[in-house]
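Okay, thanks for making time, everyone. I'd like to walk you through one model and how its helices pack, so let me put it up on the screen.

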Amino acid sequence: MAEPILPEPVLQPVAESGWRAWAFRIIFRHAERDERFFDLTLIALILVSVVVVILDSVESIHAVAGRWFYLVEWVFTLTFTVEYAVRLAVLKRPWRYATSFYGIVDLASILPSLIGIVTTGTVLDTRALRTLRLFRLLRLLKVARYAHA
């Protein structure tokens, strides 16, 4: 079996055992079934979040389901924020990931919503910035090319 693909730069786990080692393997490796399940779950969440942004931009749909979209956006923001925090927590040098292209994309995809929640108590209308989640999707699809089915 080929060595798992890691994002550039090569990232190292902060621990060899315990929850951090387990989370590092699940998040940054892609060869085992549970690792691929995490990737597929993240892909599904990203796709659904983008679909929600698209549907919410249609006035007639927003009029009917706007509250639901608002709630779902809070859930996505919380989920992606926790996922980003865990990514940083499991790395020996989290700054390397945070300043990498994908780390910046990950932060940029949640930051607008977080700023809105902190400053106004609501998710700001930043649909264009939230579509940065598509970059995360592209990264995961690139990884999926190398993972065994």
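**Helix packing, starting with α2 and α3**

Let's jump straight to the contact between α2 and α3. On the α2 side you've got F38, L42, L45, I46, V48, S49, V52, V53, L55 and D56, and they meet I61, H62, G66, W68, F69, V72, E73, F76, T79, F80, E83 and R87 in α3. Sorting those by class gives 14 nonpolar, 4 polar and 4 charged residues. The two helices pack at an angle of about 145 degrees, and their axes are 9 Å apart. As for the hand, α2 and α3 make a left-handed crossing.

I should say right away that this is a predicted model. For the overall picture, we have 7 helices and 0 strands, so to speak an α-α-α-α-α-α-α pattern as you read along the sequence. The protein has 149 residues, and 38% of them count as buried. If you take contacts between residues at least 6 apart in sequence, 65% of those join residues at least 24 apart.

Now, α2 on its own. How does the span of α2 compare with what its 24 residues should give? At 1.5 Å a residue you'd expect 34 Å, and the end C-alpha atoms of α2 are indeed 34 Å apart, so the two agree. The buried residues in α2 are E35, R36, D39, L42, I43, I46, S49, V50, V52, V53 and D56. Notice that E35, R36, D39 and D56 are on that buried list along with the likes of L42 and I43.

Over to α3, which covers residues 59-89 and bends by about 80 degrees at A65. A65 itself is buried in α3, and so are G66, F69, V72, E73, F76, T77, F80, E83, Y84 and R87.

Let me pick one residue out of that helix. V72 sits in α3. Is V72 buried or exposed? Its relative accessibility is 12%, and the cut-off for buried is under 20%, so V72 counts as buried. Looking across to α2, the C-alpha atoms of V72 and V52 are 8.0 Å apart, with their positions 20 residues apart along the chain.

Next up is α1, residues 19-28. Its buried residues are A21, A23, F24, I26, I27 and F28, and what do the buried residues of α1 pack against? They pack against α2, α3 and α4, that last one being residues 94-98.

Taking the α2 side of that, α1 and α2 pack at an angle of about 65 degrees with their axes 7 Å apart. R25, I26 and I27 from α1 meet D34, E35, F38 and D39 from α2. That contact splits into 3 nonpolar residues, no polar ones and 4 charged.

With α3, the angle for α1 is about 115 degrees and the axes are 9 Å apart. This crossing of α1 and α3 is left-handed. In α1 the residues involved are W19, R20, A23, I27 and F28, meeting V86, R87 and A89 in α3. By class, that's 6 nonpolar, no polar and 2 charged.

One last residue to zoom in on, if you can rotate the view: F38, which is in α2. Which residues does F38 touch, leaving out anything up to four places away in sequence? The answer is I26, I27, E83 and R87. For I26, the C-alpha to C-alpha distance to F38 is 6.6 Å, and the pair is 12 residues apart in sequence. F38 also turns up in the α2 list for the contact with α3, and in the α2 list for the contact with α1.

That's my tour, so over to you for questions.

Terms used: Residues numbered from 1 in each chain as written. Predicted model: local features only at pLDDT ≥ 70, side-chain atom pairs only at ≥ 80, totals over all residues. Heavy atoms only, no water. Axes fitted to C-alpha atoms, helices over the stretch in contact; angles between N-to-C directions. Helix = DSSP H or I, 4+ residues; strand = E, 2+ residues; numbered from the N terminus. Contact = heavy atoms within 4.5 Å. Nonpolar A, V, L, I, M, F, W, Y, C, P; charged D, E, K, R; others polar. Bend = angle between axes of the 7 residues up to and from the residue. Buried < 20%, exposed > 50% of the residue type's maximum accessible area, 1.4 Å probe, protein only. Expected span 1.5 Å × (residues − 1). Left-handed = near helix turned anticlockwise from the far one by under 90°.
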